[in-house]
Amino acid sequence: MFDSEFMRLAFAAGAIVGLLAPAVGFFLVQRRLSLIGDGIGHIAFAGVALGYLIGVSPVLTALIASVAGAVLIEVLRARRPEAADQALALVFYTGIAAGVVLVSSAGALDANLFAFLFGSILTVTHGDLALVAVLGAAGLALVAVLYRAFAAVALDEESARVSGVPVGLLNVLLAGLAGVTIAVSMRVVGILLIAALMVLPVTAASRVAWSLRSALLLAMAIGDGSVCLGLTLSYYGDLAPGGAIVLVAAGAFALAAVGSSAFARARTG
Amino acid sequence: MPLVVQLRDVAYAYPGGPPVLRDVDLAVEAGEFVAIAGPNGGGKTTLLRVALGLERPTHGTALLFGEPAQHATRRSRIGYLAQRARLGVEAPVTVRELVSAGLVARRGVLARPTAEDRARVEDAIARVDLTAQASRMVSRLSGGQQQRAFVAKALAARPELLVLDEPTAGVDVDAQESLARLLGELHRDLGVTILLVSHEFGAVEPLVDRLVLVRGSIVFDGSPGALPPTWHDPSHAHV
């Protein structure tokens, strides 16, 4: 499998995304914002379409659109927390509508567009890998440096705000990080599935973790394991890589849920 | 004594709604133990949020440690226990991790915990009698133990002002008495200023210096012993 360069590139890019997506998704899930990745993904779709229309790299325009959309969702959510779901819906539908209009204007309803929607990890180039590596490393470094602050906000946002933690700034940073994650992960699992890679490993890890730190590290391990196993299955089974990766992550959740329930039953009796 | 919390002629209405608070004057001195009571919907939590700078009053002035509450710079002196319904105890977090989160404001978001920080965390956990449970997940503790874990989080930074919003809601009588003993010790031994909002006091009532009853405005402010007998249940609708 590793004789082929495209598989080596796919595994390298996938390994980075497999770590980054759950690391960022971890704090979103704790804040009950699991679906925000879907909303940002739809904005990324509009960004890809804009790239085609104006003749600029779709990855670059998707990156800008994702970060802007993520920050917009956070700003709207912060202004009216009780209507956070409406803010997500507003950005979600506006993004998909803008994407459809821009795609039709650019005449870009073709295989390249589908590669962004459903992933095309087997066509990752050295240039793609460099972008994923730089942004992925920066994202992971930011998570490592701000882990305690992100955790404090995720656990008890209002208390953190009262005691002077810069909650607004941290939330905007996390939203921007989510936007970057979506943009760099598009090639791996596709816009329509990237949110799954941010959420499923986290929910699986939360079922079997023994602490917050262990949950984060387990989620990253499950994310990476899902990417590697999913790619392997797709190579030998001739399956769509993005779908295979997410199905493996869903399987990990099922295993963790069954395992933790069985363990709890054994302990109680 | 310096004033920790000061509200001058404060009024508040949520956008598009009727006034929730009006004509509120309140001054809390350092070292006081003040209970804020009143019926549900009477405005006691709103008063607390205005005092902490979480809401901007539509009229009047709110000061925290002598500064405008919304722009107060000495916030790391505050330990805050929000209403239980707002806390994310479903997260896979241990007691020790939760309590450590209470130190982020004081040491800064980029700083790594020091040996002194770790000692503070263990001290706060010991103070709420959860040392044996320090490595356990918060979600696996009883309601009363979870409440104590969050109190320890509020205590970790050794606050000068401890604010508790409905800390006795949904916990059993034993847990309420345990909390009362803890608050009494903090107030007596460490001189912490305590602001407690509740519509039921039970074991805490004998400990407080002042009782403030809120029903749109402050309708009573004095020692609990001076409360008219017909008002003795501060949560009652006739307050």
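In which strand of chain B is Pro19(B) found? Pro19(B) is found in strand β2 of chain B. I start there and then go through both chains. What we are looking at is a predicted model.

First, more on Pro19(B). Pro19(B) counts as partly exposed because it has 15 C-beta neighbours inside 10 Å. Setting aside residues up to four places away in sequence, Pro19(B) touches Ala11(B) and Ala13(B). For a distance across the chain, take Thr168(B): it is 149 residues from Pro19(B) in sequence, and the two are 27 Å apart in space, C-alpha to C-alpha.

The strand that holds Pro19(B) also holds Asp23(B); β2 of chain B covers residues 19-29. Asp23(B) is not a glycine, yet its phi is positive, near 50°. Is Asp23(B) buried or partly exposed? With 13 other C-beta atoms within 10 Å, Asp23(B) is partly exposed.

Now the sheet. β2(B) belongs to an open sheet of four strands in chain B, in the order β2-β1-β4-β5, and the pairing is antiparallel. At the edges are β2(B) and β5(B), the latter being residues 67-68, and each pairs on one side only. Strand β4(B), residues 59-64, is joined to β5(B) by two bridges, and these strands run antiparallel. In that pairing, Leu63(B) has Pro68(B) in β5(B) as its bridge partner. A helix packs on this sheet: α1(B), residues 44-51, touches β1(B), β2(B) and β4(B). The direction of α1(B) makes about 120° with that of β1(B).

Further along chain B there is a hairpin. β9(B) and β10(B) form it, with one residue between them. Gly216(B) in the turn has a positive phi of about 85°. How many bridges join strand β9(B) to strand β10(B)? Five bridges do, between residues 210-215 and residues 217-222, and the strands run antiparallel. Within this pair, Val212(B) stands opposite Asp221(B).

Some totals for chain B. It has six helices and 10 strands. Of its 239 residues, 45% are buried. Taking contacts in chain B between residues at least 6 apart in sequence, 69% join residues at least 24 apart.

One buried position in chain B is Ala149(B), in helix α5(B), residues 143-155. Why is Ala149(B) counted as buried? The reason is its 26 other C-beta atoms within 10 Å, given that the cut-off for buried is 20 or more. Leaving aside neighbours within four places in sequence, Ala149(B) is in contact with Val95(B), Leu98(B), Val99(B), Leu130(B), Val138(B) and Leu141(B). Ser139(B) lies 10 residues from Ala149(B) along the chain, and their C-alpha atoms are separated by 11 Å.

Next, the nonpolar core. In soluble globular proteins, nonpolar side chains tend to be buried together. Here the largest nonpolar core has 168 residues. The residues with the most contacts inside this core are Val24(A), Ala44(A) and Ile36(B). Helix α1(A), residues 5-30, contributes the largest share, 14 residues. As for Val24(A), and not counting residues up to four places away in sequence, it touches Gly139(A), Val143(A), Leu177(A), Ala178(A), Thr181(A) and Met198(A).

Moving along chain A, Arg32(A) lies in the loop between α1(A) and α2(A). Arg32(A) has a positive phi of about 60°, although it is not a glycine. Arg32(A) counts as exposed, with 12 C-beta neighbours inside 10 Å.

After that loop comes α2(A), residues 36-54. Its 19 residues should span 27 Å at 1.5 Å a residue, and its end C-alpha atoms are 27 Å apart, so the two values agree. Of those 19 residues, 17 are buried, so to speak of α2(A) as mostly covered is fair. Gly55(A) follows α2(A) and has a positive phi, near 75°.

Last, the contact between the chains. How many residues does each chain put into the contact? Chain A gives 23 residues and chain B gives 22 residues. On the chain A side, α6(A) (126-155), α7(A) (157-162) and α10(A) (212-237) each supply at least two residues. α6(A) gives the most, with eight residues. By class, the side of chain A that touches chain B has 14 nonpolar, six polar and three charged residues.

Terms used
Residues numbered from 1 in each chain as written. Chains lettered and ligands numbered in written order. Predicted model: local features only at pLDDT ≥ 70, side-chain atom pairs only at ≥ 80, totals over all residues. Contact = placed C-beta atoms within 7 Å. Nonpolar A, V, L, I, M, F, W, Y, C, P; charged D, E, K, R; others polar. Core = buried A, V, L, I, M, F, W, Y, C linked by C-beta atoms within 7 Å. Expected span 1.5 Å × (residues − 1). Pairing = 2+ DSSP bridges. Axes fitted to C-alpha atoms, helices over the stretch in contact; angles between N-to-C directions.
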